[in-house]
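Welcome, and thanks for taking a look at this one. Please open the sequence and the structure side by side, and the notes below will walk you through some places to visit.

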Amino acid sequence: MTAMPTMSTPSSAIAMAAKVRSGEVTAVTLATLAFEQAEQLGTDRSGFTRLLRRRALARAAAVDKLVEAGLDPGPLAGVPFGAADLFDVAGEITTAGSRTRRNAAFASRDARAIALLEAAGAVLVGTQNMDEFGYGFVTMNAEYGTTRNPHDVSRVAGGAAGGSAVAVATGVVPLSLAFDTNGSLRVPAGLTGVIGLKPTYGDLPRDGMYPFVESLDVVGVLGRDLDDVALVRTILREGAPERQEPLRGEISFGRLMSWFDDNISEEMRGPLDAFWSRLGRISFELPHSEIARAAASVIIAAEGASLHRPALEADPMQFEPPVRDRMLAGLLLPSDDYLAAQRFRSWIQARLRRQFELADVLFTPAAPGFAPTIADPVMTFEGQSIPARSHLGIYTQPISLMGLPALVLPLAGDFAMPLGVQLISAAGHEPLLFRAARQLIDKGLCAVPNPPA
């Protein structure tokens, strides 16, 4: 593994904020440390493609003035965070990872999610790399560069929000705002060893987030501390009431099999089976999961291509070739295929709801195994070597189709690279997911992420 610098301040956002409120450290100091580390690492290893020094230092100074006046800046006082370059930042161009947007209009205001975090005291320090328009699983961007996995810089970070995951994994920031359409934040969370929350579809505000697939896009969070991620979700929900759950004892876990047990790599198989054995070995079949993945792909291709049709017709050569080819194929999809995919979506959502009557939380791998190499970004699928760019989300795509919340955690163990597990609950049951994750961490089955040594 490659040695990386770590912050001398606490890695938990909640602990950072407590120190700012107490006057032990200033928000300006935290922002300055984040900038220094991002610059030392460089774009490919920090995950950041744009640092917002002037804005962040002004915001941090305002937080420090509130503290000096004896006022409380909020639960995230002075905490530096980043956001995928899919979120509007006032006065900046939202590139969505694409050179086709280099001359787009400047954003007139911050995305709602950014505004809410800053209202809670946090400080946005920069925007982060992603696959073009979020269409990929590797964060290898022809315009903005490849984001490297901090645990082995010869490997991909995963994607599409790989820059957001790497910024957290390296310790540059404790939190990142990201997005998830088909596994965009869950795959890099699993491959870089951080915590990633994909909430229930519609749970968090998307205002000011550049759209890709309207019926699948969600705002999500990446972090190193479970309580930090839960706090960010609470802030972003703006006081919306939570679903009331009956008190229960031990949470029951079930493993999704069939599709979710195929194509698991050798390095993932043993740790995942060991994890399962500690949870009682309850398993469930979800027939037609492979169709769920195919339906998700159809919906993404159709809606993504429709959104970008004017740009594709005007100058298709502006797009990266893999993205362009997939979008052009999407334009050719018959409308009957899209409607069939949406009908299947409703059917399998009802089918999976029955599983939650038998287990509280289901789990799958977050990705098939270790991150692929940058030099040869492929994975094995049904005995064949195929491009990782379009296939690393084989276990996350079906869950996106169903609109369910999922939380990715690193498996505990001494592995050459991080391995992630995806926890899934019924829609609207995120508090149960957090309780389940805490139980797994307390049992030593999942790890608390730390920057690579």
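A residue counts as buried when its relative accessible area is under 20%. By that cut-off A96, at 0% relative accessibility, is buried. Please keep in mind that this is a predicted model. The notes start with A96, move on to two helices, and then turn to empty space and backbone geometry.

**Two buried alanines**

- A96 sits in the loop between β2 (80-84) and α5 (112-119).
- Which residues does A96 touch, not counting residues up to four places away in sequence? They are D85, L86, R101, M130, D131, E132, F133 and Y210.
- One of these contacts, D131, is 35 residues apart from A96 along the chain, and the two C-alpha atoms are separated by 8.2 Å.
- A295 belongs to helix α10, and because its relative accessibility is 6%, under the 20% cut-off, A295 counts as buried too.
- Leaving aside neighbours within four places in sequence, A295 is in contact with A341, F344 and L401.
- The C-alpha atoms of A295 and D262 are separated by 18 Å, with their positions 33 residues apart along the chain.

**Helix α4 and its two sides**

- Helix α4 covers residues 53-68; its 16 residues should span 22 Å at 1.5 Å a residue, and the end C-alpha atoms are indeed 22 Å apart.
- Within α4, the buried residues are A56, A60, V63, D64 and V67. They lie on the same side of α4, because they cover an arc of only 100° around the axis.
- As general background, an α-helix has 3.6 residues a turn, so residues three or four places apart point the same way.
- The other side of α4 has R54, K65 and E68 exposed.
- What do the buried residues of α4 pack against? Their partners are α1 (13-22), α2 (27-41) and β3 (123-128).
- Just after α4 comes G70, with a positive phi of about 80°.

**Helix α13 and its two sides**

- Helix α13 (residues 335-353) has 19 residues, and the distance from its first C-alpha to its last is 28 Å, close to the 27 Å expected at 1.5 Å a residue.
- Buried in α13 are A341, Q342, F344, R345, I348 and L352. Why do these residues share a side of α13? They cover an arc of only 165° around the axis, which puts them on the same side.
- S335, D336 and R343 are exposed on the other side of α13.
- The buried residues of α13 pack against β11 (253-256), α10 (289-307), β13 (361-365) and α15 (397-401).
- Two of the buried residues of α13, A341 and F344, are also contacts of A295 in helix α10.

**Cavity and pocket**

- How many cavities of 30 Å³ or more does a search of the whole structure find? The search finds one, and about 30 Å³ of space lies in the largest cavity.
- T49, D85, T95, G97, Q128, N129, M130 and Y144 line the largest cavity. By class, this lining has two nonpolar, five polar and one charged residue.
- Two residues of the cavity lining, D85 and M130, are also among the contacts of A96.
- The largest pocket holds about 260 Å³ of space.
- Its lining is made of 17 residues, and those nearest the centre of the pocket are H151, G193, P410, G413 and P418.
- The pocket lining divides into 13 nonpolar, four polar and no charged residues.

**Backbone geometry to check**

- Most residues other than glycine have a negative phi, and most peptide bonds are trans.
- The peptide bond from G159 to A160 is cis, with omega near 15°. A160 is found in the loop between β7 (152-156) and α6 (162-169).
- E238, a residue other than glycine, has a positive phi near 55°. E238 lies in the loop between α8 (226-236) and β11, and at 46% relative accessibility E238 counts as partly exposed.
- Phi is also positive at E382, near 50°. E382 is placed in the loop between β14 (378-381) and β15 (384-387).
- Is E382 buried or exposed? At 58% relative accessibility, E382 counts as exposed.

Conventions. Residues numbered from 1 in each chain as written. Predicted model: local features only at pLDDT ≥ 70, side-chain atom pairs only at ≥ 80, totals over all residues. Heavy atoms only, no water. 1 Å grid on protein atoms, 1.4 Å probe; cavity = no way out; pocket = protein on both sides within 12 Å on 5 of 7 lines; lining within 4 Å. Points joined across faces, edges and corners; volume = space filled by probe spheres on them. Nonpolar A, V, L, I, M, F, W, Y, C, P; charged D, E, K, R; others polar. Helix = DSSP H or I, 4+ residues; strand = E, 2+ residues; numbered from the N terminus. Expected span 1.5 Å × (residues − 1). Buried < 20%, exposed > 50% of the residue type's maximum accessible area, 1.4 Å probe, protein only. Arc of directions from axis to C-beta. Contact = heavy atoms within 4.5 Å.
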